[in-house]
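Trainee: I should like to take a close look at one part of this structure, namely its nonpolar interior. Could you describe that part in detail and then relate it to its surroundings?

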Amino acid sequence: MTKLLADRIALVTGASRGIGHATALALAKAGAHIVAVARTQGGLEELDDEIRKLGGSATLVPLNLTDSDGIARLGAGLHERYGKLDILVGNAGVLGPSSPVGHIELKTFNDVMAVNVSANFQLIRCMEPLLKQSDAGRALFITSGAANKATAYVSPYAASKAALETLARAWAQETANTKLRVNLFNPGPVRTRMRATLMPGEDPATLDTPEQVAELIVPMCAPDWTETGKFYDYKTRSLMSFRAPA
């Protein structure tokens, strides 16, 4: 029986742990070849072992996403090897400081924006031509409820996710008349290291796992997914359109 994502090339950032790790595994299980990007070589090798156990395959790319030239080289390498990219999952992100706005150093703020916004901007620039070579290019970015709640004490993170959402939505409009589909996914509270850092007193057993979240990411990466410029809210299991404030 043909797998949903057989013969498709999927790039996943932040693939060494958490939602990125689970998503890479889920996409591999569905048949995709995974281009796994993360800073930690060890985490990527563990992912590769798990993918091989599933009978899948992966290309490991140890890369700090603040290296914009590295992203460009990755795009060139994918072009040379495959001539296309079918799936882009922009998952990598950093939480940044938990502090009042006025207490945050400019460098610290810029560091959060570099990973959560600028890196995704560079991914879009470098991967768009490859995604357009696919018969059904799919791009999905992981966002957060902090973006619209303007959550106190995590302002760099909230601001970065709001910027990412606007960037993705603008790109979705620009590519609406192509085969490329661009969407956002909000996992909400999930049993990850980032969540534990933010809420150290929370019982992780009360939260869904990254594997549960990844199950709903896979369909949005499939060729038969037709929506674009939408926002999937995992907590409510609903696909939403953005609306202007009242």
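**The largest nonpolar core**

Mentor: In this predicted model, the largest nonpolar core comprises 35 residues, and those with the most contacts inside it are Leu5, Leu27, Ile34, Phe185 and Ile217. Several elements each supply at least two residues of this core: the helices α1, α2 (41-53) and α8 (210-217), together with the strands β1 (9-13), β2 (33-38), β4 (87-90) and β5 (138-142). Of these, α1 gives the most, with 7 residues.

Ile217 merits individual attention. Leaving aside its neighbours within four places in sequence, Ile217 is in contact with Ile19, Thr23, Leu140, Ile142 and Phe185. A second, separate core of 30 residues includes Val61, Leu78, Ala119 and Phe141.

Helix α1, which spans residues 18-29, also holds His21. His21 counts as buried because its relative accessible area is 12%, and buried means under 20%. Beyond its neighbours within four places in sequence, His21 is in contact with Gly14, Ala15, Ser16, Leu47 and Glu50.

As for the surroundings, the second largest pocket contains about 230 Å³ of space. Its lining consists of 13 residues, among which Asn148, Glu165, Phe231, Met240 and Phe242 lie nearest the centre of the pocket. Helix α6 (155-174) and strand β7 (231-233) each supply at least two residues of that lining, and the largest share, 4 residues, comes from α6. By class, the lining of this pocket has 4 nonpolar, 5 polar and 4 charged residues.

Technical notes. Residues numbered from 1 in each chain as written. Predicted model: local features only at pLDDT ≥ 70, side-chain atom pairs only at ≥ 80, totals over all residues. Heavy atoms only, no water. 1 Å grid on protein atoms, 1.4 Å probe; cavity = no way out; pocket = protein on both sides within 12 Å on 5 of 7 lines; lining within 4 Å. Points joined across faces, edges and corners; volume = space filled by probe spheres on them. Nonpolar A, V, L, I, M, F, W, Y, C, P; charged D, E, K, R; others polar. Buried < 20%, exposed > 50% of the residue type's maximum accessible area, 1.4 Å probe, protein only. Contact = heavy atoms within 4.5 Å. Core = buried A, V, L, I, M, F, W, Y, C linked by side-chain atoms within 4.5 Å.
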